[in-house]
Amino acid sequence: MQYDVILPAAGSGKRMAAGKNKLFLELRQKPILIHTLEVFQQDEACKGIWLAVKPEERSYIESLLAEFHITKVKGLPDGGSERQHSVNACVKKVKDGNIVLVHDAARPFITIPIIHKLVEAAHTKGAAIAGVRAKDTMKRVKDGVIEETVDRSSLWMIQTPQAFDFQVLKCAEQRAEEEHFLGTDEAMLVERLGQSVYIVESSYENVKITTKEDLVFGEAILSQRIGG
Ligand code: C5P
């Protein structure tokens, strides 16, 4: 089953403090952005990639796409001040999507089998997101004091990709824009429509490269996958 993917790539990566877009940092001599793009480039079911970028980074990103032979990018709209705005800029460009995925460009270790599970679930159920079970004991804390120990069995840590029937995603984005609602992920916007969002069990390797330690995890994941 075919799909389009939206990759927000217009962040500033303040928590990485790299002095540049963290997506340009390299793992194994290749920018993080390219690692992520290559997964979708290689997946035959992916028919188009929409990349939200900062205007001042567009020409550099275009040169990376050419250098690494990424040919599926259909558009590079301007991102916005918040991730949600960047995603919405891409949603407005997608014309005839059936299933559309939103995936953080900063999660380069997503695998094709997980993507396909999400696409299938979104096709049958309308909305499905990747997540992993919480591993640690979870407590609610207020002013430095434990209020309660939360039942971990029902808690999931949410990742991307988040996969949707395109009309559902478009409707959710439109509503959020009209109501000036800012969510923490796309699923939250869809939940507001009263639509059920399903979870697909993902992998703990699907980390978002956020801080410097994540680069160490990233190198370790690549060593384990490709050796060396
Ligand atoms: O900052 P964080 O890593 O949580 O951002 C997740 C993804 O969203 C990154 O790929 C980042 O480039 C993107 N983003 C964006 N526009 C923003 C903020 C973040 O496209 N304004």
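These legends describe close-up views of a predicted model.

**View 1. The ligand and its surroundings.** The ligand has 16 residues around it. Pro-8, Ala-10, Lys-22, Ser-86 and Lys-208 come nearest. The shell around the ligand divides into 6 nonpolar, 4 polar and 6 charged residues. The space that the ligand takes is the largest pocket.

**View 2. Backbone contacts to the ligand.** Here the view turns to oxygen atoms of the ligand and polar backbone atoms of the protein. At Pro-8, a polar backbone atom is 2.8 Å from an oxygen atom of the ligand. At Gly-11, the distance from a polar backbone atom to a ligand oxygen is 3.0 Å. At Ala-106, a polar backbone atom is 3.4 Å from an oxygen atom of the ligand. How much of the ligand's accessible area does the protein cover? On its own, the ligand has 460 Å² of accessible area, and the protein covers 88% of this.

**View 3. Helix α1, residues 32-42.** Is helix α1 largely enclosed or largely open? Of its 11 residues, 9 are buried, so the helix is largely enclosed by the rest of the structure. Buried here means under 20% relative accessible area. Ile-32, Leu-33, Ile-34 and His-35 are among the buried residues of α1. Thr-36, Leu-37 and Glu-38 are also buried. Val-39 and Phe-40 complete the list of buried residues in this helix.

**View 4. A cis peptide bond in strand β10.** Which peptide bond is cis? The bond from Thr-160 to Pro-161 is cis, and its omega is near 10 degrees. Pro-161 has its place in strand β10, which covers residues 156-165. Thr-160 is in strand β10 too. Thr-160 counts as buried, because its relative accessibility is 3% and buried means under 20%. The C-alpha atoms of Thr-160 and Gln-42 are 18 Å apart in space. Along the sequence, Thr-160 and Gln-42 are 118 residues apart.

**View 5. Trp-156 in strand β10.** Trp-156 lies in strand β10. Is Trp-156 buried or partly exposed? Its relative accessibility is 26%, so Trp-156 counts as partly exposed. Arg-133 is 23 residues away from Trp-156 in sequence. In space, the two C-alpha atoms are 4.5 Å apart.

**View 6. Ala-17, a residue with positive phi.** Ala-17 is found in the loop between β1 (3-8) and β2 (26-27). Phi of Ala-17 is near 50 degrees. This is a positive value in a residue other than glycine. Is Ala-17 buried or exposed? Ala-17 is exposed, because its relative accessible area is 59% and exposed means over 50%.

**View 7. Asp-143, in the loop between β8 and β9.** Strand β8 covers residues 138-142, and strand β9 covers residues 145-150. Asp-143 lies in the loop between them. What is phi of Asp-143 near? Phi is near 50 degrees, a positive value in a residue other than glycine. Asp-143 is exposed, with a relative accessible area of 76%.

**View 8. Ala-176 in helix α5.** Helix α5 covers residues 166-178, and Ala-176 has its place in this helix. Ala-176 is buried, with a relative accessible area of 1%. How far apart in space are Ala-176 and Gly-144? From C-alpha to C-alpha, Ala-176 and Gly-144 are 33 Å apart. In sequence, Ala-176 and Gly-144 are 32 residues apart.

**View 9. Val-197, in a loop before strand β11.** The loop that holds Val-197 runs between α6 (186-191) and β11 (198-201). Val-197 is partly exposed, with a relative accessible area of 23%. Its C-alpha atom is separated from that of Gly-11 by 26 Å. Along the chain, Val-197 and Gly-11 are 186 residues apart. Gly-11 also belongs to View 2, where one of its polar backbone atoms is 3.0 Å from an oxygen atom of the ligand.

How values were computed: Residues numbered from 1 in each chain as written. Predicted model: local features only at pLDDT ≥ 70, side-chain atom pairs only at ≥ 80, totals over all residues. Heavy atoms only, no water. Near = heavy atom within 4 Å. Polar contact = N/O pair within 3.5 Å; in protein donor to acceptor, adjacent residues only side chain to side chain. Areas by Shrake-Rupley, 256 points an atom, 1.4 Å probe, with all protein chains shown as cover. 1 Å grid on protein atoms, 1.4 Å probe; cavity = no way out; pocket = protein on both sides within 12 Å on 5 of 7 lines; lining within 4 Å. Sits in = over half its atoms within 2 Å of the grid points. Nonpolar A, V, L, I, M, F, W, Y, C, P; charged D, E, K, R; others polar. Buried < 20%, exposed > 50% of the residue type's maximum accessible area, 1.4 Å probe, protein only. Helix = DSSP H or I, 4+ residues; strand = E, 2+ residues; numbered from the N terminus.
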